[in-house]
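Reader: I have a structure here and would enjoy walking through it with you. Could we take the sheets, the helices and the aromatic rings in turn?

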Amino acid sequence: MVQLNIKSPQQIWQTALGSLQVQVNPANYTTWLKDTVGLGYDSGLFIVGVPHGFGVEWLQRRLHSLVRRTLIDITGHDLEVEFRVISSLPVIPKKKDYFTPTDPDPFATPPSSLNPRYTFDAFIVGDSNRLAYTACKDACDKPGQEYNPLFIYSSPGLGKTHLLHAIGHASRAKKLRHAYLSAERFTNEYIDAIQERQTKDFRLRYRDLDILLVDDLSFLCGKDKTEETFFHTFNELHNANRQIVVTCDCQPQALPLIKERLRSRLEGGLVVNIQPPEHETRLAILTAKAHQICPDIPGEILDLICHQAGPSIRELEGCLNQVVATARAMGTSLTIDTASKILSGTEEVHPALPTITTEKILALVAEQFEIKEDVLTGRQRNSQITQARQIAILILREETNQPLTEIGRLLGNRDHSTIIYSY
């Protein structure tokens with residue numbers, strides 16, 4: 001069997017996402033899991049970074065058990081999972097002088113908002129993306145001098161965000177003042193600034209940069225006030241020869257509901273399209289990603305994934321994660337036959353688990369507390385029996401989703417209020 005060499009929290013989490021992607025419906029995966037990251041793993045605690053507070057609440061309430069079981073399968077160790085919000089923007093300054101010589105870290109984007117895997121060195125260059133890669137390198141090496149603004153567009157999952165993060169990493173190394181954010185984040189921060197009456201501080205944050213990196217500009221479409229604020233920010237930076245790099249899923253003239261003045265500014269620099277990669281580039285990308293989670297995976301499996309996955313690089317990575325995580329969870333050898341079955345959906349993610357029934361729950365609780373089942377469901381009361389009943393009620397409710405009235409019937413026809421109190 002191929003041994004999976006998983007080391008960092010992010011590598012573990014990428015493998016977990018591959019498994020989770022086939023266990024939850026696509027809408028929930030895209031909404032709640034796709035943008036999460038592995039932040040830390042130590043002393044039996046795995047920390048998952050989530051973009052928003054409501055995402056933390058939803059994952060904790062709905063997917064905590066599934067995520068925990070998946071991580072236990074992957075790591076082979078019992079652990080607990082904690083979801084935490086990732087803060088991806090700097091604190092709004094309270095003074096006019098945003099960057100001061102005494103600041104310990106005078107760069108706008110904190111390291112936590114940049115994916116450590118998305119660097120220029122990790123970007124696989126081919127004919128489909130060579131111009132975009134070169135333009136991004138030049139924008140970082142000579143900000144504001146040649147390609148300004150730099151507008152990169154493509155279908156989803158072809159490397160636009162990777163290049164923005166790479167510019168962010170290189171800018172930090174060069175001690176350039178920079179900020180990376182999505183257009184959605186720009187919009188949300190602008191709304192917050194209006195509510196908190198801090199629009200002046202908000203404008204200052206983004207108009208005193210060397211490089212501004214904005215992802216998914218199409219989110220601004222139809223948001224007149226936010227677009228106007230972005231337009232003035234754009235002008236301030238452009239007039240000062242500061243570099244602006246934006247990404248989008250379509251070219252500027254195809255952006256709906258964007259005013260002509262902003263559209264013309266976007267077309268005034270270099271507009272670059274990233275095409276779907278050819279087979280050789282796809283295989284090189286997949287090989288590089290496979291080396292991070294499973295260095296010994298056979299080349300024939302990677303070739304199979306290249307042929308079966310769609311044009312998106314994200315889909316390539318998702319298929320790789322699915323194959324590796326499923327084979328690991330099942331304890332099977334990672335062969336071409338196994339990979340083919342997993343990709344075709346004919347291989348089960350997990351071996352069949354025994355069915356959980358009310359009878360088994362009651363029997364196991366009684367056994368654990370060393371009492372008879374008729375005592376558990378009877379009328380006797382002492383601290384041990386009462387605790388056993390309360391635990392039985394909890395497990396019955398959580399594992400079988402039985403109505404409380406039915407649980408009361410199973411436990412000696414107890415009334416509804418008693419069951420609610422015990423639960």
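Reader: How many bridges join strand 2 to strand 3?

Author: Happy to start there, with the reminder that this is a predicted model. Strand 2 and strand 3 belong to an open sheet of 3 strands in the order 1-2-3, with mixed pairing. Strand 2 and strand 3 run parallel, and Val50 stands opposite Val85 in strand 3. The number of bridges joining the two strands is 6.

Reader: Which strands stand at the edges of that sheet, each with a single partner strand?

Author: The order of the sheet is 1-2-3. An edge strand has a single partner, so one side of it is left without a neighbour in the sheet. The twist averages 25° from one strand to the next. The strands at the edges are strand 1 (37–42) and strand 3 (80–85).

Reader: At about what angle to strand 1 does helix 1 run?

Author: Two helices can be placed against this sheet. Helix 3 (residues 53–62) lies across strand 2 and strand 3, running at about 160° to strand 3. Helix 1 lies across strand 1 and strand 2, and its angle to strand 1 is about 120°.

Reader: Is helix 1 largely enclosed by the rest of the structure or not, and how many of its residues are buried?

Author: Helix 1 has 13 residues and reaches 18 Å from its first C-alpha to its last, close to the 18 Å expected at 1.5 Å a residue. Its buried residues include Ile12, Trp13, Leu17 and Leu20. Helix 1 is largely enclosed by the rest of the structure, because the number of its residues that are buried is 11 of the 13.

Reader: Why is the pair of Trp13 and Phe46 called tilted?

Author: A search of the whole structure finds 12 aromatic pairs. Trp13 lies in helix 1 (residues 9–21) and Phe46 in strand 2 (residues 45–50), so this pair ties together parts that are 33 residues apart in sequence. Both residues are buried. The ring centres are 6.1 Å apart and the planes stand at 35°, so the pair is tilted.

Reader: Which residue lies over the face of Phe231?

Author: Let's look at charges over rings. Lys137 lies over the face of Phe120, at 5.1 Å from the ring centre. For Phe231, the distance to the ring centre is 4.2 Å, and the residue over its face is Arg261.

Reader: What is the order of the strands in the open sheet of 5 strands?

Author: The pairing in this sheet is parallel. Its edge strands are strand 5 (178–182) and strand 8 (270–273), each pairing on one side only. Neighbouring strands are turned by 15° against each other on average, direction ignored. The order is 5-6-7-4-8.

Reader: Which residue in strand 6 is the bridge partner of His178?

Author: Strand 5 and strand 6 (residues 211–215) pair in the parallel sense over 5 bridges. Within strand 6, the partner of His178 is Ile211.

Reader: Which helix packs on this sheet, touching strand 4, strand 6, strand 7 and strand 8?

Author: The strands touched include strand 4 (150–153) and strand 7 (243–248). The direction of the helix makes about 150° with that of strand 4. The helix is helix 5 (residues 130–141).

Reader: Which residue follows helix 13?

Author: Helix 13 (residues 313–330) has 18 residues and reaches 26 Å from its first C-alpha to its last. Since 13 of the 18 are buried, helix 13 is largely enclosed by the rest of the structure. The residue after helix 13 has a positive phi, near 70°, and is Gly331.

Notes: Residues numbered from 1 in each chain as written. Predicted model: local features only at pLDDT ≥ 70, side-chain atom pairs only at ≥ 80, totals over all residues. Heavy atoms only, no water. Phe/Tyr/Trp six-rings, centres within 6.5 Å; stacked < 30°, edge-to-face > 60°. Helix = DSSP H or I, 4+ residues; strand = E, 2+ residues; numbered from the N terminus. Buried < 20%, exposed > 50% of the residue type's maximum accessible area, 1.4 Å probe, protein only. Lys NZ or Arg CZ within 6 Å of the ring centre and 35° of its normal. Expected span 1.5 Å × (residues − 1). Pairing = 2+ DSSP bridges. Axes fitted to C-alpha atoms, helices over the stretch in contact; angles between N-to-C directions. Contact = heavy atoms within 4.5 Å.
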